[in-house]
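I opened this entry to look up how the ligand is held and how the chain is divided. My notes follow the structure.

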Amino acid sequence: MEDKILDGKKVAAQIRAEVAEQVAELAPQGVVPRLDAVLVGDDPASRVYVGSKARTCAKLGMASETHVLPGDTPQAGLEALIDRLNADPEVDGILVQLPLPGGIDTHAVLDRIDPAKDVDGFHPVNTGLLQQGRPALVPCTPAGILEMLDRERIAIEGRRAVVVGRSDIVGKPMAMLLLHRHATVTLCHSRTRDLPAVTREADILVAAVGRLAMIGPGHVKEGAVVIDVGIHRLTELSEVERLFPGDAARRERFESKGSVLTGDVDFVRVAPIASRITPVPGGVGPLTIAMLMANTVRAARARRGA
Ligand code: NDP
């Protein structure tokens, strides 16, 4: 079982170490890559995410600043901050923590970020470049998944890849990246008919649905590589026991923390069929933040010619 697991923590640690090396190389040129995060409102989960991004920057020798705005900040106020960060030569990456409060036009805010500083890769210029196979700054989660497939020597070319979920953040850019690497790609969504029949075609199956344990053994072909992007917090012991029967370690974690994380894939029932599989936690999640750091250094190098 252990050798089936695609260990995102391990791959993320490799990526972070490489980023730290690049940061050290830039230092003699007086370049310290800097990531600025913008947080609007006081959503506790968003605060946790932004905090961990800032800590990771510090560990890798990068600079970071977090700009916290009140939840009732008007569109113009938020856009004025983006303009200021765009104009600041010390800022290499701008990250606007999503979701933004209702009333804010998210597209307008993201469109305002200088594409050269768009380390989340959500700006239409970066989306367009990715679609044309000329990727510049690529959304971190799919970029991290591709990085892991490569580092784990999982062949992509000529294989059938099925991505479930068509969000701009994960599903669509994932499908594009796989397509440009010559996979034959199918992109599924909530109106796909007979989803299990489609996903059973996959050599590489990426689940980015946001539905707890939706991908079961009936969705997976023997020997498929299964990538689970979903993140769900289980807060009921009965759910933990249903999805992880007899898993004493997980039960213990639940009892000490009050919750455990799991994904879009019914891990216990799918793992025996898959050739490789990502766990949740410890799969895709750590890769996302590592790629954010890599994107920031990439943006710094490109913009500063360093
Ligand atoms: P979205 O809600 O934006 O998109 C979900 C997609 O799944 C939609 O395209 C939707 O289809 C599709 N979908 C919903 N129900 C079904 C169904 N029954 N059958 C087939 N497709 C369905 O989610 P995100 O892409 O932002 O995130 C997906 C998951 O990944 C979430 O759990 C999120 O928390 C997690 N996530 C994890 C990250 C990480 O770092 N590990 C990073 C980002 C997200 P339609 O378009 O038709 O509505």
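I took a polar contact to be a pair of N or O atoms within 3.5 Å; within protein, one must be able to donate a hydrogen and the other to accept it, and residues adjacent in sequence count only if both atoms are side-chain atoms. The model is predicted, so I noted that local features need pLDDT of at least 70 and side-chain atom pairs pLDDT 80 or more, whereas totals for chains, interfaces and linings use all residues. Residues are numbered from 1 along each chain as its sequence is written, and side-chain values use heavy atoms, with hydrogens and water left out.

I looked up the contacts of the ligand and found one of its oxygen atoms 3.2 Å from a polar backbone atom of Ile 231. I also found a ligand oxygen 2.6 Å from an N or O atom in the side chain of Ser 167, and a polar side-chain atom of Arg 166 at 2.7 Å from an oxygen atom of the ligand. The protein buries 69% of the 930 Å² that the ligand exposes when taken alone (Shrake-Rupley method, 1.4 Å probe).

I then listed the shell, where 19 residues surround the ligand (a heavy atom within 4 Å), and Arg 166, Ser 167, Ser 190, Arg 211 and Thr 288 are the closest.

Turning to the domains, I recorded domain 1 (30-116) and domain 2 (140-285), with bounds from an automatic or database domain assignment. Their centres, taken over C-alpha atoms, are 29 Å apart.
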